[in-house]
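Me: I'd like to go through this structure with you, one topic at a time. Can you take a look at it?

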Number of protein chains: 2
Amino acid sequence: MIDSKEFLYPEKSLSKASAGERVACELRMRIISGTIESGSILSENKLAADFAVSRSPIRESLKILAAENLIRLERMGAIVIGLTEKEIQEIYDVRLLIETFVFERIIKMDTVQLSRELSKILEMMKVAIKYRDADEFALQDVLFHETIIRSINHAHMLMIWNNLKPVMECLILLSMRLRIKEEFEDFTRVIRNHEIYIEAIESKNRDLMLESLHLNFDDVQVQGTVDDLWISQQMLAKGAVQKND
Amino acid sequence: MIDSKEFLYPEKSLSKASAGERVACELRMRIISGTIESGSILSENKLAADFAVSRSPIRESLKILAAENLIRLERMGAIVIGLTEKEIQEIYDVRLLIETFVFERIIKMDTVQLSRELSKILEMMKVAIKYRDADEFALQDVLFHETIIRSINHAHMLMIWNNLKPVMECLILLSMRLRIKEEFEDFTRVIRNHEIYIEAIESKNRDLMLESLHLNFDDVQVQGTVDDLWISQQMLAKGAVQKND
DNA sequence: ATTATAATACTTGTATACAAGTATTCTTGT
DNA sequence: ACAAGAATACTTGTATACAAGTATTATAAT
């Protein structure tokens with residue numbers, strides 16, 4: 001039985017969230033980290049008891065997770081799907097699709113404002129590293145990419161991002177918690193990649209942006225190591241530790 | 001006050017649906033057709049009274065519509081956003097993105113099975129025309145495109161499609177109802193375009209597929225007329241009539 | 001022992017009740 | 001007449017109750 005007092009998801013992020021969203025975030029972390037195994041069956045009543053809330057917010061959270069394809073709602077119980085290697089590859093496909101589309105729009109825009117915002121976020125990320133705050137770093141990283149996507153003012157691309165975001169956030173949180181302990185030097189490379197991204201936006205250099213993206217991606221596929229947002233499944237479980245504040 | 005006995009959404013499609021999904025489908029039709037105006041504020045209690053159900057399914061439906069960006073859930077009431085011209089253009093962007101991605105995968109596959117399925121659906125569409133069943137035609141049209149997307153077995157592309165699908169379905173339903181009365185000859189062109197699509201898949205001819213897509217798209221933008229899935233906002237209201245069975 | 005049937009312990013979906021918070025309206029004091 | 005504050009009528013989020021359906025288990029008959 002899982003002690004419901006040990007939460008994987010950083011509580012500071014859900015100050016204004018409802019019980020349902022809170023439960024969804026926590027379940028998501030447990031599913032993606034493997035704390036809850038694929039194939040498990042979740043019962044509304046049991047979850048309600050575990051989280052000490054009623055079935056209403058539990059139902060809400062299950063709907064959210066089903067929309068993210070992390071569970072499958074069936075007649076009797078919700079079946080945990082989880083993230084396979086294939087799923088992670090798919091998320092990568094979608095991100096590549098979104099970000100290349102977004103970049104095509106960005107190069108037709110005035111990017112001064114955007115560049116400033118991104119630089120600010122990058123500074124925040126550096127501070128987070130300085131104070132060894134993996135969670136803060138991860139959340140800023142997500143914000144970095146969200147800021148880029150938001151900049152083109154495209155409601156539907158934003159919708160796709162909003163679908164992807166929670167899972168992405170989980171992946172990054174778990175990844176960064178792991179790496180801040182074991183592979184700390186990676187952070188400087190992550191920062192460098194973000195700097196290149198900003199440069200690509202400022203110079204509206206399509207090739208530079210693609211190069212930056214593909215560098216990350218090749219990293220994942222060829223070496224099995226990860227950069228930025230991408231991490232392989234077997235590493236995730238190791239990142240499932242208490243948040244550090 | 002809207003007479004809740006007059007439903008825009010074809011009831012046959014929601015035989016197994018819950019009350020919440022039913023309400024969501026109906027509200028979606030009313031919002032997209034303009035029966036419910038943009039800017040309106042929807043109250044859970046009022047909707048519950050109108051649809052003669054409790055607030056539980058109403059809440060479910062509002063969550064669904066909010067995920068589709070048709071309404072915005074705020075502290076006091078849900079604000080109707082609806083579909084602007086810009087939104088419809090955005091949906092078009094997303095579809096172009098998805099379908100080109102999917103096609104790249106398809107040309108690396110064995111397409112015999114897929115081609116057979118699509119041909120079957122096309123036959124069904126022809127029958128629907130023969131019997132002047134706009135709703136059936138529209139639903140088969142949606143199925144046609146869903147079948148293509150499903151064929152590549154990509155869970156995340158399917159997720160994006162699942163987000164898009166309900167709105168698309170509404171647009172097509174409204175469009176087809178209108179055209180089966182006023183622009184009947186359009187249907188032969190729609191059928192022809194689908195045939196070209198199948199040919200492109202069979203011959204794995206990227207250019208033919210792109211040509212087919214772009215023909216439709218240019219149609220929308222240049223002439224203001226629509227083909228296949230695409231229709232301009234001002235026409236939608238006219239499609240908001242009773243289903244015809 | 002095996003199969004058929006009945007009882008039970010689940011499940012989901014919906015209705016209703018309640019608490020806490022927010023906008024609006026009404027009252028009251030100046 | 002107008003501003004300030006209290007009362008009221010909303011709102012959402014959550015808890016709980018109940019109905020209908022499904023799987024499992026136990027019982028009984030062959």
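Reply: By class, the residues of the surface near DNA strand C comprise 6 nonpolar, 7 polar and 4 charged. Please keep in mind throughout that this is a predicted model.

Me: Which residues are the closest to DNA strand C, and how many surround it?

Reply: DNA strand C is surrounded by 17 residues, and the closest of them are Ser43(A), Glu44(A), Ala19(B), Val53(B) and Ser54(B). The elements that contribute two or more residues to this surface are α2 (44-51) of chain A, together with α1 (19-33) and α3 (55-67) of chain B.

Me: And what surrounds DNA strand D?

Reply: For DNA strand D there are 17 surrounding residues, with Ala19(A), Val53(A), Ser54(A), Ser43(B) and Glu44(B) as the closest. At least two residues each come from α1 (19-33) and α3 (55-67) of chain A and from α2 (44-51) of chain B. Sorted by class, the surface near DNA strand D holds 6 nonpolar, 7 polar and 4 charged residues.

Me: OK, on to the protein-protein side. How many residues of chain A are in contact with chain B?

Reply: The contact involves 16 residues of chain A and 16 residues of chain B. On the side of chain A that touches chain B, α3, α4 (85-106) and α7 each supply at least two residues, and α4(A) gives the most, with 7 residues. Divided by class, that side of chain A has 8 nonpolar, 4 polar and 4 charged residues.

Me: What does the domain assignment give for chain A?

Reply: The assignment splits chain A into domain 1, covering 11-80, and domain 2, covering 85-239. Where the two meet within chain A, 7 residues of domain 1 are in contact with 10 residues of domain 2. The side of domain 1 of chain A that touches domain 2 of chain A is made up of 2 nonpolar, 3 polar and 2 charged residues.

Me: In what order do the strands of the chain A sheet come?

Reply: The sheet is an open one of 3 strands in the order β1-β3-β2 (chain A), with antiparallel pairing. Its edge strands are β1 (41-42) and β2 (71-73) of chain A, each of which pairs on one side only. Between β1(A) and β3 (residues 78-80) of chain A, which run antiparallel, there are 2 bridges.

Me: What stands opposite Leu42(A), and which helix packs on the sheet?

Reply: Leu42(A) stands opposite Ala78(A) of β3(A). The helix that packs on the sheet is α3(A), which touches β2 and β3 of chain A and whose direction makes about 115° with that of β2(A).

Me: Changing topic to the backbone: what is the phi of Asn153(A), and where is that residue?

Reply: Asn153(A) has a phi near 60°, which is a positive value in a residue other than glycine, and this residue lies in the loop between α6 (134-150) and α7 (155-182) of chain A. As background, most residues other than glycine have a negative phi.

Me: Is Asn153(A) buried or exposed, and why?

Reply: Asn153(A) counts as exposed, because it has 12 C-beta neighbours inside 10 Å, and the cut-off for exposed is 12 or fewer.

Me: What about Lys204(A), where is that one and what is its phi?

Reply: Lys204(A) is not a glycine either, yet its phi is positive, at about 50°. Lys204(A) is found in the loop between α8 (186-202) and α9 (206-223) of chain A. With 14 C-beta neighbours inside 10 Å, Lys204(A) counts as partly exposed.

Definitions and conventions. Residues numbered from 1 in each chain as written. Chains lettered and ligands numbered in written order. Predicted model: local features only at pLDDT ≥ 70, side-chain atom pairs only at ≥ 80, totals over all residues. Near = placed C-beta within 6 Å. Helix = DSSP H or I, 4+ residues; strand = E, 2+ residues; numbered from the N terminus. Nonpolar A, V, L, I, M, F, W, Y, C, P; charged D, E, K, R; others polar. Buried ≥ 20, exposed ≤ 12 C-beta atoms within 10 Å, placed from the backbone. Domains from an automatic or database assignment. Pairing = 2+ DSSP bridges. Axes fitted to C-alpha atoms, helices over the stretch in contact; angles between N-to-C directions.
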